[in-house]
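Let's take a walk through this structure, one stop at a time. Have the sequence and the 3D view ready.

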Amino acid sequence: KLIDFGLASLQECGSEGAIQQGTPVFMAPEQYLNVRCDVTPEVDIWALGVIFVWIVTALELGSLQHPMLSVDQGKDFDVRWIDLYHAYKDREPWNRELFGSQPHLAHSLCDRILAYDPFERASATEILEEAWVRCGDPAAAAAAELLRQGHVVANIATYSELRRFDKKVLSLMADNVHDRQVILLRRTFQALDSSKSGRLSFADFVDGFQSNDVEFPVEIARRLFGGMDKDGADEIAYHDWLAATMGSQILLSHGAMSAAFRCLNASNTGRMSRLELERAVGKEEADAVMKANDGAVVDEDDCIPYEGFQKLVREVAERRKAIAQPEAVALSADIRRTPVSRKSCPSAMAVLQENLRHETRGQCDTGGPGKSGLDSERDWCPRTFPLGEMARQASG
């Protein structure tokens with residue numbers, strides 16, 4: 001697919017003339033003042049800074065203001081070329097008055113992003129670690145609450161025990177589930193990913209649980225991590241995390257189930273053939289699935305129609321639940337929860353509480369109705385998580 005035609009331009013064949021590229025209000029100084037300029041990550045960071053100021057000024061002033069210009073000169077896209085040219089040429093500092101009542105942390109963040117020297121600008125990773133970004137971060141609050149519940153640990157612990165067909169279904173669901181359905185799991189992964197690389201190391205995994213007052217022996221941590229580390233790379237990608245942690249209710253999502261079936265039914269006939277199943281899970285597993293469900297979900301042509309696939313997925317969900325429940329009970333004796341010391345800002349907790357109530361029920365449950373555990377204000381208070389509550393939540 002071709003995108004962002006804002007950088008496209010017409011040239012005569014063989015022409016090597018310099019053409020300035022970019023949307024003027026978002027262009028970095030080095031890009032604006034030079035006809036030829038490489039489009040680098042630092043150029044993108046500057047554009048992000050302009051968007052950041054737009055968001056703040058929309059709230060403070062009710063208009064989108066360019067950070068380098070006065071209120072009268074820098075509204076929306078109506079910026080005169082010469083005004084911006086002089087501001088960049090004279091290396092004018094960004095207009096701090098635009099931020100009105102914003103806290104000092106917001107000013108500090110903007111200082112780091114809108115640096116004239118590209119090499120002094122904050123990187124994307126550094127921006128994510130800034131105090132203004134972290135304060136009120138729903139990812140941190142999500143991880144803190146979710147990791148203290150038993151659902152995630154139980155699902156991870158039993159992932160390696162699932163059949164190959166079950167894992168394939170979970171993998172396809174992870175590829176196709178709507179982001180809204182797994183927002184809590186995604187935010188937890190983001191909070192654990194301290195390097196912001198998109199992959200979890202074993203140290204990330206252990207430190208993430210410990211920082212949220214959940215500790216377990218190293219051998220258990222290694223077993224849990226190893227169950228998700230499919231290729232032995234000692235790293236876990238987001239897709240693998242999602243497949244291992246999501247619960248039975250997500251498996252029953254109609255949209256994700258339909259998309260998973262289409263992936264398996266490459267011929268698009270509405271019926272998955274034995275050959276298509278073999279390609280997905282191997283001959284031995286395909287034979288086992290077909291034999292166990294002959295007559296129940298397999299039709300006279302040795303194919304599995306969508307209705308049959310739905311039945312298979314429901315059985316996967318039931319197996320997932322049945323395996324995870326006793327594991328949760330066993331793990332409760334080995335996992336130690338210490339009194340919670342809340343590290344997240346109140347604003348993050350408020351955001352998470354609202355999301356949990358309306359968006360995230362049943363994401364990692366192992367059998368219950370997806371109780372969030374945050375039904376009243378008292379649930380935000382420091383408390384000791386009873387070990388027995390892990391088993392109760394797992395059983396619903």
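A residue counts as buried here when its relative accessible area is under 20%. Keep in mind that this is a predicted model. With that in hand, go to helix 16, which runs over residues 274-281: E276, L277, A280 and V281 are its buried residues. They span an arc of only 110° around the axis, so they sit on the same side of helix 16. That fits a general rule: an α-helix has 3.6 residues a turn, so residues three or four places apart point the same way.

What do the buried residues of helix 16 pack against? Their partners are helix 9 (164-176), helix 15 (254-264), strand 4 (271-273), helix 17 (283-292) and strand 5 (303-305). Right after helix 16 comes G282, with a positive phi, near 95°.

L277 turns up again in the largest nonpolar core, which has 57 residues. Along with F165, F205, W241 and F309, L277 is among those with the most contacts inside that core. Look at F165: leaving aside residues up to four places away in sequence, F165 touches L277, V281, E285, V289, F309, L312 and V316. Apart from this core lies another one, of 31 residues, including W54, W94, C110 and L114.

W241 leads us to one last stop, where helix 10 (residues 183-192) packs with helix 13 (residues 238-245). L185, R186, T188, F189 and L192 in helix 10 meet Y238, W241, L242 and T245 in helix 13. The angle is about 130°, with the axes 10 Å apart, and the two helices are therefore oblique to each other. Their crossing is right-handed.

Methods:
Residues numbered from 1 in each chain as written. Predicted model: local features only at pLDDT ≥ 70, side-chain atom pairs only at ≥ 80, totals over all residues. Heavy atoms only, no water. Buried < 20%, exposed > 50% of the residue type's maximum accessible area, 1.4 Å probe, protein only. Helix = DSSP H or I, 4+ residues; strand = E, 2+ residues; numbered from the N terminus. Arc of directions from axis to C-beta. Contact = heavy atoms within 4.5 Å. Core = buried A, V, L, I, M, F, W, Y, C linked by side-chain atoms within 4.5 Å. Axes fitted to C-alpha atoms, helices over the stretch in contact; angles between N-to-C directions. Parallel < 35°, antiparallel > 145°, perpendicular 65-115°, else oblique. Left-handed = near helix turned anticlockwise from the far one by under 90°.
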